[in-house]
Amino acid sequence: RSGGAVARATVDQRGGSDLEATEPKPSSFADTWFDDRERAVIAGDDARLTVAWSAKEAVQKALGQGMAIAPGDIRVRSIGSDGSVTVELAGRAADCLADLGGGTLSLVWRPEGDDHVLVEAHLNS
């Protein structure tokens, strides 16, 4: 994205990464893609909105389904200043996790430069 790239290699775990530019988005973006609890976590902050969106995309990739999983089936429940992100899965996202044998998703985020964030999702069995 925007001249940046992410590469990852794993031996015994599934993963997904997403790199996004931190930039203002119209309020309709948050209203469309996030539920009330998520919007409370985001708290109107562009950086937190970017982390939340990147978390959804990283989970879609870790589950191996991409946009076949609706972003609304991945619900961001917290974004920590320590780089943690917690999500709750519903619908097709929860079904995909079960089909993969279950396990837990761990997510971490970090700033990349002054205007990007990177979120990585790891599926641990």
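In which helix does E57 lie? I started the notebook with this residue and found that E57 belongs to helix α3. Since the model is predicted, I take each entry below as a reading of that model.

**Entry 1: E57**

I looked up the surroundings of E57 and noted that this residue is buried yet takes part in no salt bridge. The nearest side chain of opposite charge is that of K61, which I found 4.7 Å away. That pair is not counted because a salt bridge requires a side-chain nitrogen of Lys or Arg within 4 Å of a carboxyl oxygen of Asp or Glu. Setting aside the neighbours within four places in sequence, I recorded D18 and E20 as the contacts of E57.

**Entry 2: the chain as a whole**

I then stepped back to the fold and counted four helices and five strands in the chain. Followed along the sequence, these elements come in the pattern β-α-α-α-β-β-α-β-β. Of the 125 residues in the chain, 41% are buried. When I took the contacts with a separation of 6 or more, I saw that 52% of them are between residues 24 or more positions apart.

**Entry 3: salt bridges**

How many salt bridges does the count come to? I arrived at eight salt bridges in the count, and I followed several of them individually.

I looked first at D35 and R77, which form a salt bridge with their closest N and O atoms 3.3 Å apart. This pair links distant parts of the chain, as D35 sits in the loop between α1 and α2 while R77 sits in strand β2 (residues 74-79), 42 residues apart. The two partners fall into separate exposure classes: R77 is buried, with a relative accessible area of 18%, whereas D35 is partly exposed, with a relative accessible area of 26%. R77 counts as buried because its 18% is under the 20% cut-off.

Next I turned to E38 and K56, whose side chains meet in a salt bridge at 2.9 Å, N to O. Here too the pair links distant parts of the chain, with E38 in helix α2 and K56 in helix α3, 18 residues apart. I checked the exposure of both partners, and E38 and K56 are each buried.

The third pair I followed was E112 and R110, whose side chains meet in a salt bridge at 2.7 Å, N to O. I noted E112 as partly exposed, with a relative accessible area of 29%, and R110 as partly exposed at 40% relative accessibility. I also noted that salt bridges with shared partners join D35, R75, R77 and E88 into one network.

**Entry 4: E112 and R37**

I went back to E112 for its wider setting and placed this residue in strand β4 (residues 104-112). E112 and L19 are 93 residues apart in sequence, yet I found their C-alpha atoms 8.3 Å apart in space. Not counting residues up to four places away in sequence, E112 touches L19, V117 and L118.

For R37, I recorded a place in helix α2. Leaving aside the neighbours within four places in sequence, I found R37 in contact with R77 and E88, and both of these residues belong to the salt-bridge network noted above. I also looked up R37 against S78: the two are 41 residues apart along the chain, and their C-alpha atoms are separated by 9.5 Å.

**Entry 5: A43**

Where does A43 lie? I located A43 in the loop between α2 and α3. The phi angle of A43 is near 55°, and I marked this as a positive value in a residue other than glycine. At 60% relative accessibility, A43 counts as exposed.

**Entry 6: the largest pocket**

Last, I looked up the largest pocket, for which I noted a volume of about 150 Å³. The pocket is lined by K25, P26, S27, F29, A30, R39, I42, G44, D45, D46 and L49. The elements that give two or more residues to this lining are α1 (27-33), α2 (36-42) and α3 (46-62). Which of the elements gives the most to the lining? I found that α1 does, with three residues. By residue class, I divided the lining into five nonpolar, two polar and four charged residues.

Methods
Residues numbered from 1 in each chain as written. Predicted model: local features only at pLDDT ≥ 70, side-chain atom pairs only at ≥ 80, totals over all residues. Heavy atoms only, no water. 1 Å grid on protein atoms, 1.4 Å probe; cavity = no way out; pocket = protein on both sides within 12 Å on 5 of 7 lines; lining within 4 Å. Points joined across faces, edges and corners; volume = space filled by probe spheres on them. Nonpolar A, V, L, I, M, F, W, Y, C, P; charged D, E, K, R; others polar. Buried < 20%, exposed > 50% of the residue type's maximum accessible area, 1.4 Å probe, protein only. Lys, Arg positive; Asp, Glu negative; His and termini not counted. Contact = heavy atoms within 4.5 Å.
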